[in-house]
Amino acid sequence: TEQGSGDETLVFGHGLLMDTSMWDAVAPAFANQYRVICFDFRGQGKTGDPGEGYDIDTLVKDISAFIQATSTKPVHYVGLSMGGMVGLPLAARHPELLRSLVLLDTSAQAEPWWNKIKYAIMTLIVKLVGVKPLVPAMLPLMFGKSTLNNPAKREIISYWKQKLLALKKTIVGPVSGVTKRRDITNELVNIRCPSLMIVGDEDQTTTLSCAENIVAHIANIELKII
């Protein structure tokens, strides 16, 4: 999706199990000053599912080609969770493509082994019977307690619950790409553009320690805790 105009472009990369709609309340706030582009990763949202290439390295190639195809100048890249896991190596390997980097609740480290076991079991369940039985367990991974317990947030929780219920069994491909990612902490020293790391203090999947690891290895970065 594309909206707004301006000399500078913002490119938004969504989190796992999400799509461009996660930015619906964010993108318009920038559209009066910037050209704003939101995209769906392969196998998610409205982007086709090729049945392969869900690993982070391939997604970096996807997005670097996408940026080159849609912008003649370096862009501001904003990535949440999986979107940030792609944004980090993108910035490290293709510095000429980014004007700045904004990271939201993400990690440069490999998935902890105990999570890999948990997600492997969840993936097996999805393959056998679909996503529905896992939705109650997935919501706390996507939202903090204060959001889940806030009556004013019920509408947005309901919206994403329905989105989760609509996921196809093929979502196991993108999930595998994230859970089997390798540690790229050693690459972070190659990131030179101005960067911002934002993390929620209730995040259970990419915790504050993940954010602190990133901040410790990037020279020009600021940390904000929500």
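**View 1. Strand S5 and its partner strands.** Gly79 stands opposite Leu103 of S5 in this predicted model, for which local features need pLDDT of at least 70 and side-chain atom pairs count only at pLDDT 80 or more, while totals for chains, interfaces and linings use all residues. Residues are numbered from 1 along each chain as its sequence is written, and side-chain values use heavy atoms, with hydrogens and water left out. Strand S4 (residues 75-80) runs parallel to S5 and is joined to it by 6 bridges, and S5 is in turn joined by 4 bridges to the parallel strand S6 (residues 195-199), where Ile198 is the bridge partner of Leu104. Helices (H or I, at least four residues) and strands (E, at least two) are DSSP runs numbered from the N terminus, and two strands pair if DSSP finds at least two bridges between them.

**View 2. The enclosure of S5.** Because 6 of the 7 residues of S5 (residues 98-104) are buried, this strand is largely enclosed by the rest of the structure; buried means under 20% relative accessible area, with a 1.4 Å probe and protein chains only.

**View 3. Surroundings of Ile191.** Apart from neighbours within four places in sequence, Ile191 is in contact (heavy atoms within 4.5 Å) with Leu88, Ala91, Ala92, Leu101 and Ile218.

**View 4. Helix H8 and the helices around it.** In H8 (residues 172-179), 7 of the 8 residues are buried, among them Val172, Pro174 and Val178. The buried residues of H8 pack against helix H2 (56-70), H3 and helix H4 (113-129).

How values were computed. Buried < 20%, exposed > 50% of the residue type's maximum accessible area, 1.4 Å probe, protein only.
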